[in-house]
Amino acid sequence: MNAKTSTPASKVAVNLGTFDHTVLVLQGGGALGAYQAGVYAGLAEVGVAPDWIAGVSIGAINAALIAGNPPERGVERLREFWERMSAQASFMPPASLDPMRPLFNFLSAASAVTFGVPGFFAPRMPPPFMVADGSMAALSYYDTKPLRTTLEELVDFDRINRKEVRLSLGAVSVRSGNSVYFDNWKMRIGPEHVLASGALPPGFPPVEVDGELYWDGGIASNTPLWYVADEDYRMSALILQVDVFSGAGELPQNLHQVAERAKDIQYASKTRFNSTRIKELEELRASLRRVLDKLPPAIQSDADVQRLTAASTRGAVALVHFINRHNTRSCDFKDYEFSRATVTELWEGGHSDVRCSIAHPQWRNAMELAHGIHVYDLTPLNPTQQEPKI
């Protein structure tokens, strides 16, 4: 899974501006998480080291792999994880068989549904409809104990709990339906918190944490962006959001493409909602600041005015999107299609998109510190375009 575009980090230099924090935000999306791993590999190559990683579902797993290893081993651990995920369908079709890729991808997805994915999940035996109601085995089609074993092998949770990198993992309380974030700045993080963030029903069972059951955070919101924005709205930050579903896309031509397009819109919609909401709040803060500036000096020291002044002040934020626009020809089953060919293609696509984004003229604008929130989508609209030289 070595990216074809790999370049020694020592030969590449990237301006990161003067932001106080670099935040990596990772969506949920199953097998599409290989794109996130490729993006991180590209960022690591040019010396970008996030000090805060927030993830949901597969994004939580990738986030734990990154935060739970030294910076020099993060890409290595991600590669090992994704090689394990794609080991069951490791056949790499030659170019002459490219017209058969959709069939190979379908067979790979069917294998995952039937037999599970080694190191990730396995089908329950007996199946859930043959066990007693109320038992954990009755609540999902698959068992995720293999993922716990994988996490314990590849992630150093002691390192995570030393808080060298902030880690925030999104989940949903089964009982209340509210979003919950497990944050190593606020609690100790273990494998169960990662499992809870990725417990997508009815495939995967809820996970118990401190006496409560949790499901996949993507049920409520497939991106942790709102959590990052709300946690510290006065911070100065470069936020790198990796979107594995693209909101924009071509018109579907058949029912498979209809299902794929609907899934893209469904899981990308809350990303757009969060971005829009954050920009609207920033506009309100700017209006509030202008009103406060018009107040007479005599009341500037009033406690309520000072509180409003603090609430109206935001640090400079550059929100840079990396959006997966790569067509792996896996249609609506692309989030559970774990073939080695597709995983490699997604990894290399994410890696290449980082290089294209950094070479984009707007990258410099994104790195220049300015008050307020500025949103950038520098990912190539045509992922097949030639990769620029850096």
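1. Glu231 has a relative accessible area of 30% and is classed as partly exposed. In this predicted model, Glu231 forms a salt bridge with Arg166, and their closest N and O atoms are 2.6 Å apart. Arg166, by contrast, is buried at 7% relative accessibility. The pair connects distant parts of the chain, since Arg166 belongs to strand 5 and Glu231 to helix 8 (residues 225-231), with their positions 65 residues apart in sequence.

2. Arg166 has a further partner in an aromatic residue: it lies over the face of Trp52, at 4.1 Å from the ring centre. The residue thus appears both in a salt bridge with Glu231 and over the ring of Trp52.

3. Strand 5, which spans residues 166-173, pairs with strand 8 (residues 212-216) in the antiparallel sense through three bridges. Within this pairing, Ala171 stands opposite Asp216 of strand 8. Strand 8 also runs antiparallel to strand 7 (residues 207-209), and three bridges join the two. Here Glu208 has Leu213 in strand 8 as its bridge partner. Strands 7 and 8 form a hairpin with two residues between them, in which Asp210 adopts a positive phi near 55°.

4. The aromatic residues merit separate comment. The whole structure contains 16 aromatic pairs. One of them joins Phe120 and Phe204 in a tilted arrangement, 5.7 Å from centre to centre and with 45° between the planes. Phe120 lies in the loop between helix 4 (101-115) and strand 3 (122-123), whereas Phe204 lies in the loop between helix 7 (191-197) and strand 7, so that 84 residues separate them in sequence. Both Phe120 and Phe204 are buried. Another tilted pair is that of Phe333 and Tyr336, whose ring centres are 6.4 Å apart and whose planes meet at 55°. Phe333 is buried at 8% relative accessibility, while Tyr336, at 33%, is partly exposed.

5. Phe120 and Phe204 also belong to one aromatic cluster, together with Phe81, Trp82, Phe121, Tyr142 and Phe338. The largest nonpolar core has 72 residues, and Leu24, Ile61, Phe81, Trp82 and Phe120 touch the most other members. Helix 2 (residues 58-67) makes the greatest contribution to this core, with eight residues. Leaving aside residues up to four places away in sequence, the contacts of Phe120 include Ile61, Met85, Pro146, Leu147, Phe204 and Phe338, as well as Asp143 and Thr144. A second, separate core of 15 residues has Val23, Tyr181, Val317 and Leu319 among its members.

6. Asp143, one of the residues touched by Phe120, takes part in a salt bridge with Lys145 at an N to O distance of 3.4 Å. The two partners differ in accessibility: Lys145 is exposed at 58%, and Asp143 is buried at 19% because the limit for a buried residue is under 20%.

7. The model holds 21 salt bridges in total. Among them, Lys334 and Glu260 meet at 3.2 Å, N to O. Lys334 is located in the loop between strand 10 (317-323) and helix 11 (340-359), and Glu260 in helix 9 (residues 255-293), so this salt bridge ties together parts that are 74 residues apart in sequence. Both Lys334 and Glu260 are buried. Elsewhere, salt bridges link Arg77, Glu80, Arg84 and Glu153 in a network.

Note on methods
Residues numbered from 1 in each chain as written. Predicted model: local features only at pLDDT ≥ 70, side-chain atom pairs only at ≥ 80, totals over all residues. Heavy atoms only, no water. Pairing = 2+ DSSP bridges. Helix = DSSP H or I, 4+ residues; strand = E, 2+ residues; numbered from the N terminus. Phe/Tyr/Trp six-rings, centres within 6.5 Å; stacked < 30°, edge-to-face > 60°. Buried < 20%, exposed > 50% of the residue type's maximum accessible area, 1.4 Å probe, protein only. Lys NZ or Arg CZ within 6 Å of the ring centre and 35° of its normal. Core = buried A, V, L, I, M, F, W, Y, C linked by side-chain atoms within 4.5 Å. Contact = heavy atoms within 4.5 Å. Salt bridge = Lys/Arg side-chain N within 4 Å of Asp/Glu carboxyl O.
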